[in-house]
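Here is a short briefing on one structure. It covers a sheet, a helix pair and the empty spaces.

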Amino acid sequence: MNHINNIADMTDAILQLVSSEGYLPMDLADMMQVMTLEPGDFGLLSDAVDLLCGAGELVTTKHGKIASAASVGRITGTYRATSHNYGFFSPDNGGEDMFISVENSLGAMNGDRVQARRIKSDSRGAEGEITLIIERAQTELIGSFHIDELRERLPRKNRHTKKGARLPNPPTKLIAYVTPDDPKLRMRVNIPPSMKGSAHDGDKVLVKITRYPESDRLGRFGDAVGKVLCVFGDAESKVANYESILYANRIRTEFGDDALIEAKQVAALPIVSDGRLDLRDKIIFTIDGADAKDFDDAISVERRDDGYLLGVHIADVSYYVKPGSALDNEAFERGMSVYFADKVVPMLPEELSCGSCSLNRDSDKYALSALISLDSDGGIVEVSLHESIISSKMRGIYSEMNSLIAEPKGELYEKYSFLFPDTLPLLLEVYEKLKRRSDARGSLDLETAESGFILDKDGMPLDVVLRERGVAERMIEQFMLCANEAVASWLNTMGIPCVYRIHEEPSPEKIRNFSMFAYNLGLNITPLRRRKILPGAYREVMAEAKEKGLDSVLTTVMLRSLMKARYSPVASPHFGLGCELYCHFTSPIRRYPDLAVHRIIRALLQGKLDIDKMESFAERAADKSNENELRVMNAEREIEDLYKILWLEGHIGEEFDAVISSVTSFGFFVELANTCEGLVPIGSLDGYFDYDEKSLTLTCGRTVYHLGDRVRVRLVSCDRVTRKADFELAE
């Protein structure tokens, strides 16, 4: 007989059995016999089967037999809830999604790992039911705390009194519960009196779920039960909403003591040449926004007989942040600095981000300098990388530089006089050539409208404005793109690990959908029918759309048709930029992937590169950076939406000119000139409207609403909790 003495070996043995050819479902006793186990192994066998059933690997049939989940049509995947009473099941194997009604959801919540089976399929798609919840995605949630008074029913014997006598008042009790902020969590969480902490009616709170919803005999799901962990404050207050967004997105606002102590120590290190390339006599300078405090990058440019030498000098953060240090661990977890309307949550403590690492004017600083040789057309000939010392000669400001470019002899001439007669014209000359090359290879303009906020002394928005980008911003962007491309190619050519920034080609389905939409607008989609789709194909279609005044409409659909850029340790092209190789090198103060690339470069330059170790590091840095990027982008968007709602609250009842930015089956979204958005519900429209998913239109007779249509709307309501606004047509 065999004897197995640990759960891991037992689960392996069971899986080997049930996956073997000719296996027929059997009970535990049969499994004991087939596996020739000793009698004392029965308990371990039973535990292992329970474990595998709970993980969705096995199922127990109604006759008590053990079978593999796949053999009886059970598949594992993720449940994606909607804000309506249904959801969708997405299989792990990438198969067809299945519609899941609330009755067939088994109480699954958004993001849960589940097991499901198909129950029917027709022309509208597949429908399934959840058969097992493997792992809960959410153990905590944020919502509004409520206390209601509930009158209890009197016992039957107390309901009757003598004629003319008053019925006694039914006793009352207080019930406490939380309604989740997330509209996809369509439930409430009951809070026992001993579990409410310091929460008061109307507070925004963080709740730990102690019991998940369970179904009754009729298949109806009850409430969850939870415990209040944290009280953020009044659910309608700006502070409570702000803090809850930070918490929900795991934004760390405080540094640990070890990181702070370490930051002070390394920030105090003196600047010494130590064999570095000394560039302090060169005309090197920064150009940033007026409110910038951390300066990652500085530039220089020289004319050469056969072209140009572009210098992109980046703060040498890797000198101060050592692998495995408290600072490194903190930066790795944060991923990047987070920029809000009224503050910045930096990736590194201020001693570094605004101090030792920042390329402040007239201050000696360590840098990693990329000296890029360009030919007369702006093509990259070669790049050399150096540990350097620089001293920025100027703190340029975008708005001032734009004014200077527009009017060189204006009032700003004296302040920036050292850029004349040669440097500024040379900068613009190199910029124009880089831009032409970028345009020629079909680089897409992926820029979206950015919001700016004017705040009062209490941090409340007085106005929301559209941020404009001028020549100075675009010039610096081209220089950084050039450096990022050059560094990625340099590392790849030498077979050195790198954290690449990649952007995959759009899927055939996305290309077809975009093509159909463009065709319905009357545009020539021949470029999109080529066997090999390059970004230039999109650019050609967008150019025609611009000529016809349809570019704002098509840009929205184009962005939705593209894949999301991401970080990867494996070299791959960047579709949107038209680059074969690309990485992020230019912002190590505020992005960890840039710091990772710097660390690899410095190890190479110092002859200390361990290829295997750096390959592993690049993989970990890429994975974590992708995770952090999503989290940070979500937090920035939610805070921005909060400030927009706070501003809109003061304008309820007012009318605005707007553009339809999205069309759905339940209405259309409109965007105001200052980027504030809201929904015009379909119920507020006059008539019965049909939604066309392919053309993205709502139609009622001759009335058709398209993407990009200009409309006049009136603001009806705002909700701080959901950060949503509703409009109605004013005409």
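**Briefing: sheet, helix pair, cavity and pocket**

Strands β29 and β30 (residues 697-700) pair in the antiparallel sense, over 3 bridges. The model is predicted. It holds 1 cavity of 30 Å³ or more. Its second largest pocket has a volume of about 440 Å³.

**The sheet**

- Strands of a sheet pair through backbone hydrogen bonds, in a parallel or an antiparallel way.
- Here, 3 strands form an open sheet in the order β29-β30-β31, and the pairing is antiparallel.
- The edges belong to β29 (690-692) and β31 (703-706). Each has a single partner strand, so one side of each lacks a neighbour in the sheet.
- On average, neighbouring strands of this sheet are turned by 20 degrees against each other, direction ignored.
- One bridge can be named by its residues: Asp692 has Thr697 in β30 as its bridge partner.

**The helix pair**

- Helix α4 spans residues 238-248, and helix α16 spans residues 611-648.
- Their axes come within 10 Å and cross at roughly 165 degrees.
- Angles over 145 degrees count as roughly antiparallel, so α4 is roughly antiparallel to α16.
- The crossing of α4 past α16 is right-handed.

**The largest cavity**

- Rolling a probe the size of a water molecule over the atoms shows where empty space is left.
- The largest cavity has a volume of about 50 Å³.
- Its lining includes Ile251, Arg252, Arg334, Met336 and Val338. Val345, Pro346, Arg631 and Val632 also line this cavity.
- By class, the lining has 6 nonpolar and 3 charged residues, and no polar ones.
- Which charged residues are in this lining? They are Arg252, Arg334 and Arg631.

**The second largest pocket**

- This pocket is lined by 20 residues.
- Lys322, Pro323, Arg599, Lys613 and Met614 lie nearest the pocket's centre.
- Which elements give two or more residues to the lining? They are α7 (326-334), α15 (592-605) and α16.
- Helix α16 thus appears under two topics: its axis crosses that of α4, and it gives residues to this pocket's lining.
- The lining of the second largest pocket divides into 9 charged, 7 nonpolar and 4 polar residues.

Conventions:
Residues numbered from 1 in each chain as written. Predicted model: local features only at pLDDT ≥ 70, side-chain atom pairs only at ≥ 80, totals over all residues. Heavy atoms only, no water. Pairing = 2+ DSSP bridges. Helix = DSSP H or I, 4+ residues; strand = E, 2+ residues; numbered from the N terminus. Axes fitted to C-alpha atoms, helices over the stretch in contact; angles between N-to-C directions. 1 Å grid on protein atoms, 1.4 Å probe; cavity = no way out; pocket = protein on both sides within 12 Å on 5 of 7 lines; lining within 4 Å. Points joined across faces, edges and corners; volume = space filled by probe spheres on them. Parallel < 35°, antiparallel > 145°, perpendicular 65-115°, else oblique. Left-handed = near helix turned anticlockwise from the far one by under 90°.
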